[in-house]
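This report describes the fold of one protein chain, starting from the overall make-up and ending with its aromatic side chains.

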Amino acid sequence: MFQYVRSVIFIIQMYISMPVVGLLFAPWAMFSRKGAYAACKTYSRYVFWTASWMVGLRCEVRGTVPQGEALIAAKHQSFLDIMMIFTALPAAKFIMKKEILMTPVIGQYARRLGCVAVDRGKRGAAIEKMVADVNAGRAEPGQLIIYSQGTRVPPGKKMPYKVGTAVLYEQLNQPCVPVATNVGVLWPKRGMLRKPGVAVVEFMPQIAPGMERNAFMKELETSVEDRSDALMAEAGFERDETS
């Protein structure tokens with residue numbers, strides 16, 4: 001019960017601080033993309049800091065973080081992995097559902113960072129628009145993050161990897177860096193409880209450009225799922241083999 005109360009207090013202050021940080025950095029962010037990056041990374045680090053002493057949740061980034069242009073294909077389990085991956089990368093932007101652009105503070109900063117919004121309900125058209133938008137923004141170098149399963153996936157649940165990642169991999173002709181995580185064990189997709197432990201995102205060895213589509217998708221899914229399973233076990237998750 002005490003951990004639940006601590007979690008609720010942590011969540012309340014986390015969301016109160018979001019517009020505060022957003023407004024403080026707004027004058028800089030309005031005229032400079034560097035200001036937008038500084039705001040988002042400052043907020044994320046504040047959340048990491050408060051999580052560590054309020055609920056006993058520490059954040060750890062492993063592996064070699066890419067510094068140049070790359071496609072980042074990541075496992076997505078909760079809001080925490082978004083902040084951890086973004087903060088680790090020098091110039092990150094996301095492929096995101098277009099509804100997020102309407103969210104106060106987050107939407108305005110997402111636009112400023114050059115994130116690419118897609119309509120997930122229109123599948124083929126969404127992929128075409130995604131590729132066109134990415135190509136149109138290539139003057140801004142950096143790391144493009146895509147969640148290959150298209151949504152947050154709770155620990156223990158399997159969901160297919162979508163072809164949009166392979167389309168971008170082919171079109172961009174950049175290395176793809178898979179990212180595994182265990183954050184959903186400690187910061188779940190739903191609910192208020194935040195558990196103590198070590199939340200990890202791990203940047204894995206890159207996949208060089210030029211692989212055949214099916215082989216690429218198989219390597220990506222196998223590497224991310226296997227490593228995420230290992231990280232979740234490390235965090236104390238036990239898979240229900242009967243489900």
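The text below covers the whole chain, the sheet, two helices and the aromatic pairs.

**Overall make-up**

The model is predicted. Its secondary structure comes to 8 helices and 7 strands. Of the 243 residues in the protein, 47% are buried. The protein exposes about 12000 Å², and carbon and sulfur atoms supply 61% of that area. Among contacts between residues at least 6 apart in sequence, 75% join residues at least 24 apart.

**The sheet**

An open sheet of 7 strands follows the order S1-S7-S6-S2-S5-S3-S4, and its pairing is mixed. Strand S1 (57–63) and strand S4 (116–118) are the edge strands, each pairing on one side only. On average, neighbouring strands of this sheet are turned by 20° against each other, direction ignored.

Three of the strand pairings are set out here.

| Strand pair | Sense | Bridges | Residues opposite each other |
|---|---|---|---|
| S2 (residues 70–74) and S5 (residues 143–147) | parallel | 5 bridges | Ile 72 and Ile 145 |
| S2 and S6 | parallel | 4 bridges | Ala 74 and Val 179 |
| S6 and S7 (residues 197–203) | antiparallel | 3 bridges | Thr 181 and Val 201 |

How many residues of strand S6 (residues 176–181) are buried? The count is 6 of the 6, so strand S6 is largely enclosed by the rest of the structure. In a regular strand the side chains alternate between the two faces of the sheet. Both faces of S6 are covered: Cys 176, Pro 178 and Ala 180 are buried on one side, and Val 177, Val 179 and Thr 181 are buried on the other. Two of these buried residues also appear in the pairings above: Val 179 stands opposite Ala 74, and Thr 181 has Val 201 in S7 as its bridge partner.

**Helices H2 and H3**

Helix H2 (residues 33–54) lies across S1 and strand S3 (92–97), and runs at about 125° to S1. Helix H3 (residues 79–88) is mostly covered, with 7 of its 10 residues buried. The buried residues in H3 are Leu 80, Asp 81, Met 83, Met 84, Ile 85, Phe 86 and Thr 87.

Phe 86 of H3 also belongs to an aromatic cluster, which it forms with Tyr 37, Phe 94 and Tyr 147. The charged end of Lys 41 sits over the ring of Phe 86, 5.8 Å from its centre.

**Aromatic pairs**

With ring centres required to lie within 6.5 Å, the count comes to 8 aromatic pairs. One of them is Phe 25 with Trp 28, a stacked pair at 6.3 Å centre to centre and 25° between the planes. Phe 25 and Trp 28 are separated by about one helical turn, because they are 3 residues apart in helix H1 (residues 2–31). An α-helix has 3.6 residues a turn, so residues three or four places apart point the same way. Phe 25 counts as buried because its relative accessibility is 19%, with the limit set at under 20%. Trp 28 is partly exposed, at a relative accessible area of 45%.

Why does the pair of Tyr 169 and Phe 216 count as stacked? Their ring centres are 3.9 Å apart and their planes are at 5°, and planes under 30 degrees apart count as stacked. This pair links distant parts of the chain: Tyr 169 is in helix H6 (residues 164–172) and Phe 216 is in helix H8 (residues 213–234), 47 residues apart. Both Tyr 169 and Phe 216 are buried.

How values were computed:
Residues are numbered from 1 along each chain as its sequence is written. This is a predicted model: local features need pLDDT of at least 70, side-chain atom pairs count only at pLDDT 80 or more; totals for chains, interfaces and linings use all residues. Side-chain values use heavy atoms; hydrogens and water are left out. Rings of Phe, Tyr and Trp (its six-membered ring) pair if their centres lie within 6.5 Å; planes under 30 degrees apart count as stacked, over 60 as edge-to-face and the rest as tilted. Helices (H or I, at least four residues) and strands (E, at least two) are DSSP runs, numbered from the N terminus. Buried means under 20% relative accessible area, exposed over 50%, partly exposed in between (1.4 Å probe, protein chains only). A charge sits over a ring if NZ of Lys or CZ of Arg is within 6 Å of the ring centre and within 35 degrees of the ring normal. Two strands pair if DSSP finds at least two bridges between them. Axes are lines fitted to C-alpha atoms, for helices over the stretch in contact, and angles run from 0 to 180 degrees between N-to-C directions. Contact means heavy atoms within 4.5 Å. Accessible areas come from the Shrake-Rupley method with a 1.4 Å probe; for residues, only the protein chains shown count as cover.
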